[in-house]
Amino acid sequence: MGLTRRDFLKHSSFVASAFLLSFGIPLKARAQMIDNGASEPMAFIQITKKNEITFFLPQAEMGQGAYTVLAMCIADELDAKWEDIFFEPAPVKEIFNIPGMPMMLTGGSNSVRARHLQMRQIGASIRAMLKSAAAKYWKISADLIQTKNATLTNTKTKESLPYGFFVDVIKVMKVPEKVTLKENSELSLIGKPTKRHPKEAWAKVTGHAQFGIDVRLPHMKYAALIHPRVFGATLKSFDATAALKKPGILKVKQLANNKIAIIAEKWWQAKEVINDVVVEWNEGAFAKISSEDLAKEYESYLDKECLPMRKDGNIEEAFANAHKVVKANFKFPFLAHAAMEPLNCTVHHQKDSAFMSMGGQFQTLYRNKCAETYQLPPEKVQYYNNYLGSSFGRRGNPHADFVIDAIYAAQNEAWPVMTLWSREDDIKMGSYRPMYRNSAEMAIDKEGNILGFKAKVIGQSMIKGTLFESVMFKDGIDATHKEGLTDHHYKVASHDIQGFCPDSPIPLLWLRSVGHTQTGPLVEGIIDQAAVAANMDPIDFRIKNLQNPRFVELLKSVAKQSNWYTRKKNGGYGVAVVESFGSIVAYVAKVKVENSDYKVEKIWAAVDCGLAINPLNVENQIISAINFSIGITKYSEITIKNGEAEQNNFYDYTVATIADAPEIHVEIINSGEKIGGMGEPGVPPLFPAVANALFDATGKRYTSYPIRLS
């Protein structure tokens with residue numbers, strides 16, 4: 001893309017020869033759409049007189065395929081030639097807010113499920129306006145006009161004109177209050193396996209795609225950061241005399257967030273002198289804390305009465321009358337995101353305005369942080385969102401940690417400043433998926449019915465202290481402790497599910513699939529134990545106790561794909577099925593155990609996301625999630641010693657490599673239910689499916705992650 005700041009300003013200020021549709025659906029139509037399940041539909045589409053069409057898309061593109069799939073929705077209804085469409089990230093404006101939320105946000109696997117109907121309505125509305133304009137021009141009924149490949153055709157005279165011919169006409173027309181979307185039989189893109197949009201794919205494979213780290217502005221400087229290495233430490237003093245004598249070093253400044261920025265002509269120059277800055281920290285009591293200390297504290301709550309998350313039925317009677325009871329404790333470590341593109345942000349603070357350029361998931365929040373810090377009206381901060389070099393949730397941080405660094409570093413400076421976290425900064429200083437110590441206990445009768453389910457989730461809250469606290473932290477409980485646990489889909493007569501959120505100074509953040517990373521393996525792990533205790537096949541036990549037929553269909557699919565019922569006894573097969581973010585995913589995993597190690601050889605997957613708008617993208621998301629999750633299952637772990645993380649980089653924080661990649665088979669089942677997300681639902685079932693497969697192969701239950709056999 002290679003968009004410079006000058007280009008950005010040019011695009012943002014409107015192209016005179018173009019029709020730029022500021023989509024304000026009339027209130028009556030808006031209310032109708034909300035009743036139909038969609039949120040407030042607004043977006044921009046630019047059509048030029050040369051018939052060039054550009055979508056200004058409000059969702060961040062971090063590899064999940066949002067640009068491709070949302071463009072498919074618009075193009076299908078607009079009858080535009082999809083492969084010729086141009087993309088631009090939308091500027092930060094209220095009309096681009098995620099439906100139902102007061103901000104632009106990409107998270108919770110919401111890009112397609114929150115916007116697909118909105119995009120279709122926009123495409124259909126513009127097509128209707130173009131047909132109306134052409135009908136007046138040709139003096140015929142709009143019904144006699146056909147649209148295809150961004151061209152209108154008079155079916156009586158066979159005359160054709162491009163959409164761009166009517167730019168001046170439609171830019172003064174009213175947006176129709178009501179439009180009719182195409183029937184499924186009329187759709188040419190939606191529901192069809194479609195490769196990544198050629199313009200995005202070309203830009204990425206040729207290196208032309210601009211990520212945040214590629215931003216270059218005139219006279220730009222770079223900043224490396226000195227973070228406190230002990231969590232919760234505060235800056236006491238520093239001496240940068242030696243560093244300031246080194247080539248290229250322009251300034252060393254204390255930031256308002258307890259860090260030090262070294263600003264230089266080149267980033268490597270700043271990075272090289274970090275050890276030349278003499279820093280004294282007030283490290284506090286946490287400097288004596290280790291992972292073992294935290295684990296001991298967490299595990300003490302497993303023996304205590306904690307805060308209620310769900311209680312119903314008669315749990316005492318259920319366990320008293322049980323034929324068998326199974327129990328397990330689960331251990332989940334802190335996890336780093338390790339996004340491929342290092343964290344970065346570029347800010348230029350000018351006298352009465354500012355410019356930001358990065359790849360972020362919370363555009364509105366980050367823009368407003370900048371405006372608030374510089375005491376500017378938000379509209380005086382121009383924000384440009386680039387491609388994100390993966391995120392896994394790291395670039396959707398409500399604390400805006402890596403963003404606020406750049407805002408402070410560039411404050412009152414004459415140059416634009418890019419702050420760039422090193423890999424060590426990101427691995428060593430979080431923010432992390434929390435550590436948990438959980439327990440589960442299940443009571444079954446002689447027929448394999450589940451009589452009672454007890455569970456506890458002990459982990460620091462990742463919501464407390466954020467802008468989401470008022471809606472996601474209630475009565476001392478973090479909502480992410482509950483998701484997938486208190487609303488599981490098994491038929492259980494009685495529950496007693498509790499939780500607790502200990503505090504610590506370690507910064508936390510959701511990781512891809514959020515709370516389901518710990519509740520998925522808990523529920524599907526104890527269910528597998530219950531199946532064995534009931535002397536039943538694990539899939540048959542699940543089918544017997546599930547209440548949602550969609551789950552059953554998926555289990556039957558993976559059973560058929562994997563030849564489950566004729567599999568080799570103790571051959572290393574395990575199953576799991578989990579719903580998250582509105583989609584259900586079932587896996588059968590096949591593992592091979594050898595020399596105290598294991599490899600995930602095959603995964604058979606079945607997916608129900610309601611409707612796969614782009615089945616190929618759904619398949620790609622599943623493949624991505626499986627490989628991502630294998631790294632967490634086998635290797636990844638952040639441990640704390642003397643108040644700081646012990647891991648530094650990929651040499652001691654291991655993620656999956658190509659050698660770990662299994663053979664993967666994916667079947668998609670379109671149930672016709674409400675469309676669910678796909679960025680995250682492929683993650684949670686992988687953990688228990690592999691653990692259950694290892695039990696099948698070894699006879700031992702593995703409930704401590706990462707799973708190591710020796």
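Q: In which loop is the place of aspartate 503?
A: Residues are numbered from 1 along each chain as its sequence is written. This is a predicted model, where local features need pLDDT of at least 70, side-chain atom pairs count only at pLDDT 80 or more, and totals for chains, interfaces and linings use all residues; side-chain values use heavy atoms, without hydrogens and water. Helices (H or I, at least four residues) and strands (E, at least two) are DSSP runs, numbered from the N terminus. Aspartate 503 sits in the loop between strand 23 (492-500) and helix 16 (516-533).

Q: Does aspartate 503 count as buried or exposed?
A: Buried means under 20% relative accessible area, exposed over 50%, and partly exposed in between (1.4 Å probe, protein chains only). Aspartate 503 has 57% relative accessibility, so it counts as exposed.

Q: What distance separates the C-alpha atoms of aspartate 503 and alanine 440?
A: Along the chain, these two are 63 residues apart. In space, their C-alpha atoms are separated by 23 Å.

Q: Is glycine 164 buried or exposed?
A: Glycine 164 lies in the loop between strand 7 (160-162) and helix 5 (167-170). Its relative accessible area is 3%, so glycine 164 is buried.

Q: Which residues does glycine 164 touch, not counting those up to four places away in sequence?
A: Contact means heavy atoms within 4.5 Å. With residues up to four places away left out, glycine 164 touches Ile47, Thr48, Lys49 and Asn51.

Q: How many residues of helix 3 are buried?
A: Helix 3 (66-78) comes before the loop that leads to strand 4 (86-89). The helix is mostly covered. The count of buried residues is 13 of 13.

Q: What length does helix 3 reach from its first C-alpha to its last?
A: The expected span is 1.5 Å times one less than the number of residues. Helix 3 has 13 residues, with 18 Å expected. The model comes close to that, reaching 18 Å.

Q: What is the phi of aspartate 79, the residue that follows helix 3?
A: Most residues other than glycine have a negative phi. Aspartate 79 counts as buried, because its relative accessibility is 16%. Its phi is positive, near 60°.

Q: At roughly what angle do the axes of helix 3 and helix 4 cross?
A: Axes are lines fitted to C-alpha atoms, for helices over the stretch in contact, and angles run from 0 to 180 degrees between N-to-C directions. Helix 4 spans residues 111-138, and the two axes come within 7 Å. They cross at roughly 30°.

Q: Are helix 3 and helix 4 roughly parallel or antiparallel?
A: Angles under 35 degrees count as roughly parallel, over 145 as roughly antiparallel, 65 to 115 as roughly perpendicular and the rest as oblique. By that rule, helix 3 and helix 4 are roughly parallel.

Q: How many charged residues does the contact of helix 3 with helix 4 have?
A: Among the residues that meet are Val69, Cys73 and Glu77 in helix 3 and Arg115, His116 and Met119 in helix 4. Ala, Val, Leu, Ile, Met, Phe, Trp, Tyr, Cys and Pro count as nonpolar, Asp, Glu, Lys and Arg as charged, and the others, Gly among them, as polar. The contact of helix 3 with helix 4 has 11 nonpolar and 3 polar residues, and its charged residues number 4.

Q: Is the crossing of helix 17 and helix 18 left-handed or right-handed?
A: The axes of helix 17 (residues 538-545) and helix 18 (residues 549-561) come within 10 Å and cross at roughly 165°. That makes helix 17 roughly antiparallel to helix 18. A crossing is left-handed if the near helix is turned anticlockwise from the far one by less than a right angle, and right-handed if clockwise. This crossing is left-handed.

Q: Which residues in helix 18 meet helix 17?
A: From helix 17 come Ile539, Arg542 and Ile543. Their partners in helix 18 are Val552, Leu555, Lys556 and Ala559.

Q: What is omega for the cis peptide bond that joins glycine 430 and serine 431?
A: Most peptide bonds are trans. Serine 431 is in the loop between helix 13 (423-428) and strand 19 (436-444). The omega of its cis bond to glycine 430 is about 10°.

Q: Which residue does a cis peptide bond join to tyrosine 705?
A: Omega of this bond is about -5°. The partner lies in the segment after helix 20 (686-698). The residue joined to tyrosine 705 is proline 706.
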